[in-house]
Each structure stands twice: as C-alpha cells, then as structure tokens.
Amino acid sequence: LPDIYLNRSEALIGKGDLVAARLDCSRALRGYRQVADGLGMADALRFYGRICRVEESWEEARKCLEKSLDLNRQYGQTVGLGEALYEMGALECDIGQTAAALEPLREAERIFYDAGAMPDLQRVREKLAVIAAA
C-alpha cells in the first residue's frame with residue numbers, strides 16, 4: 001500500500017497537485033514506518049522534500065532531503081541515493097547556492113554513471129551544464 005501512495009504522489013507532483021501529493025506522500029511515509037522499510041522511508045522523504053522545494057519551503061525541503069540522504073547512505077551507492085542527491089542539488093540551485101549544488105550533483109552523476117541509469121545521468125548533466133553556463 002505505501003508503494004501505491006508513493007507512486008500516486010509522484011504522479012500528482014507531475015500534475016502540479018501538491019496538496020494531494022503531500023497527503024499521499026505522508027500516507028506512504030507512515031506505511032513505510034509501520035513496516036520498517038528504510039528505503040521506502042528514504043524515497044517518501046525525498047518526494048516530500050521535492051514537494052517542499054516546489055512550494056519554496058526551503059528549510060522543510062532541506063530537512064526532508066537530509067533525512068532521505070542519511071537513510072539512503074545506509075544502503076550504499078544506490079540509484080535512490082543518486083536521486084536524493086539530485087534533489088539536494090536542485091534545492092541548492094533553487095535557493096541560489098550553485099557552488100553548494102556541485103558536490104551532490106557530481107556525486108549523483110557518478111552513482112548514475114556506475115549504475116548505467118542513463119536518463120538520470122542525462123538529467124544531472126543537464127543541471128550541471130546550466131550551472132557551468134551561469
């Protein structure tokens with residue numbers, strides 16, 4: 001059930017329905033906590049951080065993404081860690097801290113390269129190119 005809520009949350013974020021996305025993300029997080037699914041909690045926190053970033057709730061976004069990164073790091077160099085690093089880099093860019101964005105984006109780039117996650121790798125490289133052009 002938490003996976004369904006998380007997938008629906010991601011779809012709702014894409015549609016711009018952040019209120020419903022936040023509700024489903026909260027439901028997913030509760031479900032993952034109940035079954036002690038660390039990676040699920042990390043994903044839900046990452047999505048929650050993305051919602052907060054889009055809403056420009058910078059501190060809340062940072063707290064969620066930091067928790068997601070901490071949980072993800074317990075599982076090694078996973079694609080989920082790369083995604084959380086990308087979100088942290090995007091947050092830093094959004095608040096005008098492009099120098100601070102480089103470290104998480106470069107780490108995400110390495111993880112995605114090693115995993116062969118080409119669409120994710122391309123997305124990171126595009127963000128890095130925008131920073132370099134600025």
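**Reading a seven-helix model**

Trainee: Among contacts between residues at least 6 apart in sequence, what share joins residues at least 24 apart?

Mentor: Here the share is 50%. Keep in mind that this is a predicted model.

Trainee: Thanks! Which secondary structure elements should I look for, and how many are there?

Mentor: The protein has seven helices and zero strands. Following the sequence, you read the pattern α-α-α-α-α-α-α.

Trainee: How do I judge the overall dimensions, and what radius of gyration would a compact globule have?

Mentor: Compare with the expectation for the chain length: a compact globule of 134 residues would have a radius near 14 Å, and the protein agrees because its own value is 14 Å. Along the principal axes, the C-alpha atoms fill a box of roughly 40 × 30 × 25 Å.

Trainee: And the interior: where do nonpolar side chains tend to be in soluble globular proteins?

Mentor: They tend to be buried together. In this model, buried residues account for 47% of the 134. The largest nonpolar core holds 41 residues, and Leu6, Cys25, Leu105 and Val124 have the most contacts inside it. Helix 1 (2-15) and helix 7 (118-133) are among the elements that give two or more residues to this core.

Trainee: Which residues does Leu105 touch, leaving aside those up to four places away in sequence?

Mentor: Leu105 touches Tyr86, Gly89, Val124, Lys127, Leu128 and Ile131.

Trainee: Now a single residue: why does Ser26 count as partly exposed?

Mentor: Relative accessibility decides: buried means under 20% and exposed over 50%. Ser26 is at 22%, so it counts as partly exposed. Ser26 lies in helix 2 (residues 18-34), and its C-alpha atom is 9.2 Å from that of Ser9, 17 residues away along the chain.

Conventions:
Residues are numbered from 1 along each chain as its sequence is written. This is a predicted model: local features need pLDDT of at least 70, side-chain atom pairs count only at pLDDT 80 or more; totals for chains, interfaces and linings use all residues. Side-chain values use heavy atoms; hydrogens and water are left out. Helices (H or I, at least four residues) and strands (E, at least two) are DSSP runs, numbered from the N terminus. Buried means under 20% relative accessible area, exposed over 50%, partly exposed in between (1.4 Å probe, protein chains only). A nonpolar core is a set of buried Ala, Val, Leu, Ile, Met, Phe, Trp, Tyr and Cys residues joined through side-chain atoms within 4.5 Å. Contact means heavy atoms within 4.5 Å. The radius of gyration is taken over C-alpha atoms; the globule rule is 2.2 Å times the number of residues to the power 0.38.
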